[in-house]
Amino acid sequence: MERTVPPSGERIEPPSDPNRETTASGASEVANREGGVETPGSRTTFGERNAPAPETQRRVTGAQRRVLAFTWIGLFSMMIYALFMGLAFFAPGYSLVDRIASIALMGGILFILMHGFGYANSMIKASWGYNEVKRRIFTPQSAPKVACIVATFNEPAAVVEETVAALQNVDYQNKEVVILDDSTKEESRQAMRDIAARYGVTVVQRTNRRGYKAGAINDFIKTTDAEFVAVFDADALPAHNFLRDVVPIAQENPRLAFVQTPQHYANTDVSNVAMGASRQQAVFYEYICEGKSYSRAAFCCGTNVVFRRQALMDVGGFDESSVTEDFATSLNMHLKGYDSAYYNQIYVYSLAPETLSAYFTQQGRWAFGSVGATRKVVGSMFTKGLKMRPGQWWEYFLSSSYYWIGWVNFIFMLLPILYVFFGVKPLRQDVFTYLAIFIPYMIFTMNMFYAGMEDRGYRVLDMLLGQQINFVCFPVHMSAAISGILGMKRPFGVTPKGVGGRMSWVALWPQLLMLFLSAVAFVWGMYLYISGRDRNTAAIVINSMWALYHVILLSGLFRLNRPISKPESKRYFAERSTVMTPDGRAVPAGASTGGVPAGAVAATSATGAPMFGTTGAGGTVVAPPRLRPQRTAPAGILGRLATIIMLLSLLLVGAAGWTMLHWATSPEVPVNVYVVDRTTGRDYQEHRSLAWTLNYLKVRKQPQFGPYPA
């Protein structure tokens, strides 16, 4: 799809939308309606002039109420499950090996429950508390100066050129575009100089690389007089109205240090890795970031962000001691008393890692930096605890500790294998009681997650792919977490871009080994069950099913580790022999027609929506921000079935709870019970377990009957 610029040179606005209603000063809200009912997912876009004052109260839609109901039920199930597992942990009868495995299991469960509570809390805040139109936004008469920074390090010249072209054509007059190039290859440095000359932008190339990206930005902000600094990755293509919409948000509140917008991957059709990485990111940029913003704990994600330069100067610039300088700097700003905001509108289109090696490089850097920041977060919590709210500390601790997920996944994979082959029992509890607690917990929490993401427009199968790619990354997360918490030095790795081959299967030996052991454990466990060689038939089946579940997750490795031969199509520049200038002249593609090469035409995103526009003497027209995906149809068969199962499970839990309450409050009835315990051999721990069970069942020893038989 190609857009043109009229001869008069004015900017072409997108076609008017009959469903668009103005609701805020400097803001317009898209409210898709069907029969007068607002559909879920409506959002606010800022920057339109002459609009009335914003609404001060957010309307919660029916779909949001449904998600909230799932969330509250999921929270309840998590609390019941946590109580049950705690009681099981302190039950008697564990051997030394069993106790070690039990400690590992409880550590993993506590981690999952902690982050599950955090995610549910974010969903509640996002659905009820996060409201973009609560802020009164206006378009000032004089726009403050903004320095648009593109940090590069041996990046492909074609990728950087598209970013610079898009920035030059952002509809904001008072801006400067600067390339901060720390490349070590002379051909890359020369390419950056050529791009800067071709587009009339500034390039800064340091002779030293102190502080990497953070150091380059810190050196630059000391030399500029711009009031705001917008930071972009080398592959980030902003829409034309990014600065015009976002800068007023930052400008209105002097204590607002930065405004963060989402990172949206536009190359999800290139590979399964790109799609999986995109969906994994979506989980973070939807509910989690909105919840953090509500708690005044939104942190910078390194790109697509507008900083107040004075706030950066007040904290000494970006934190150069961490490879995740964005996260560490955000903490410094909040400790200094600044606020931050997350504006959930997609203005910038980026490239997802397209191969497993590229994805592992990205995840290793993020995990190393985030876990490394845990020491700073915990240390500051004790020394500077009063400088931030408890909710802010909670959000920072959750984010910095997340990448221990690799160790948690490894423990969960290992325990079923140990049970099937060696009889290690990390949990001593009645199997049917366990299932009665665990199955509702699993159903409720999965419904909470998938229903929430479905409400934001994401398919369940795509979210499963995101779970698979995160799961197969466990060795990278494990290594990076240990290096980060110990403060070890690791080389800075830039995420590779473009085509590439599959990883060596030898390099993937940890994933393949766990896949093989889990598959064998499943087969052997089912053999023990069918042949009747294992006494605990229910336990062997449960552990075998867990092994099969891990096989399914790890098997995603085979569709993820594929070579990428399809080159990334040009997202900003199209191959054309000639183009028409605004005055009607035909010129060769690539000829200059107002600061950038002619021939930059509209590209198409993975969703089929136009992303960028054409260049000409009057500027460039690019697509407005993409609204959050909306599910305009009612819940499908799977959604309705999940709801029914949840309600039935809730009734079952309620009935069981009522029965247990009635049993616990009923009077004791004296009954003569004779117990003959003939347990011998390796199960001698069962003696203590028997005494505990009798006490649990209210069987009390009466003096006239003597002691329990040994």
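This is a guided tour of one predicted model, with a selection to make at each stop.

**Before starting**

Residues are numbered from 1 along each chain as its sequence is written. Because the model is predicted, local features need pLDDT of at least 70 and side-chain atom pairs count only at pLDDT 80 or more, while totals for chains, interfaces and linings use all residues; side-chain values use heavy atoms, with hydrogens and water left out.

**The whole chain**

Show the chain as a cartoon. The chain has 20 helices and 17 strands; these are DSSP runs (helices H or I, at least four residues; strands E, at least two), numbered from the N terminus. Of its 710 residues, 54% count as buried. Buried means under 20% relative accessible area, exposed means over 50%, and partly exposed lies in between (1.4 Å probe, protein chains only). A contact here means heavy atoms within 4.5 Å. Among contacts between residues at least 6 apart in sequence, 79% join residues at least 24 apart.

**Stop 1: strands β6, β7 and β8**

Select residues 175-181, which form strand β7. Six of the seven residues of β7 are buried, so the strand is mostly covered. Now add residues 146-152, strand β6, which pairs with β7 in the parallel sense over seven bridges. Two strands are said to pair if DSSP finds at least two bridges between them. To find one of these bridges, select A147 and its partner in β7, E176.

Next add residues 202-205, strand β8: four bridges join β8 to β7, and the two run parallel. Here I179 stands opposite V203 in β8. In a regular strand the side chains alternate between the two faces of the sheet.

The helices that link these strands come next. Select residues 157-168, helix α3, which makes a right-handed β-α-β unit with β6 and β7. Then select residues 186-199, helix α4, through which the chain crosses from β7 to β8, again in a right-handed β-α-β crossover. A crossover is right-handed if, with the strands pointing away from the viewer, the path from the first strand over the helix to the second runs clockwise.

In the loop between β6 and α3, pick N154. N154 has a positive phi of about 55° although it is not a glycine. N154 is partly exposed, with a relative accessible area of 22%.

**Stop 2: Y212 and L243**

Move to helix α5, residues 212-221, and pick Y212. Phi of Y212 is near 55°, a positive value in a residue other than glycine. Y212 is partly exposed, with a relative accessible area of 37%.

Then pick L243 in helix α6, residues 242-252. L243 has 1% relative accessibility and counts as buried. Leaving aside neighbours within four places in sequence, L243 is in contact with V146, C148, V170, Y172, K175, A230, P248 and V306. Add A143 to the selection: A143 and L243 are 100 residues apart along the chain, and their C-alpha atoms are separated by 9.7 Å.

**Stop 3: a three-stranded sheet**

Select β10, β15 and β12, which form an open sheet in that order with mixed pairing. The edge strands are β10 (237-238) and β12 (264-265), each pairing on one side only. Strand β15 covers residues 348-350 and pairs with β10 in the antiparallel sense over two bridges. P238 stands opposite V348 in β15.

**Stop 4: helices α12 and α16**

Select residues 509-531 for α16 and show α12 as well; their axes come within 9 Å and cross at roughly 35°. Axes are lines fitted to C-alpha atoms, for helices over the stretch in contact, and angles run from 0 to 180 degrees between N-to-C directions. To see the contact, show F410, M413, L414, I417, V420 and F421 of α12 with M514, L517, S518, V520, A521, W524, G525 and L528 of α16.

Within α12, residues 405-422, pick N409. N409 is buried, with a relative accessible area of 9%. Not counting residues up to four places away in sequence, N409 touches F471 and F474.

**Last stop: F76**

Finish at F76 in helix α1, residues 62-89. F76 counts as partly exposed, at 36% relative accessibility. Add T445: F76 and T445 are 369 residues apart in sequence and 9.7 Å apart in space, C-alpha to C-alpha.
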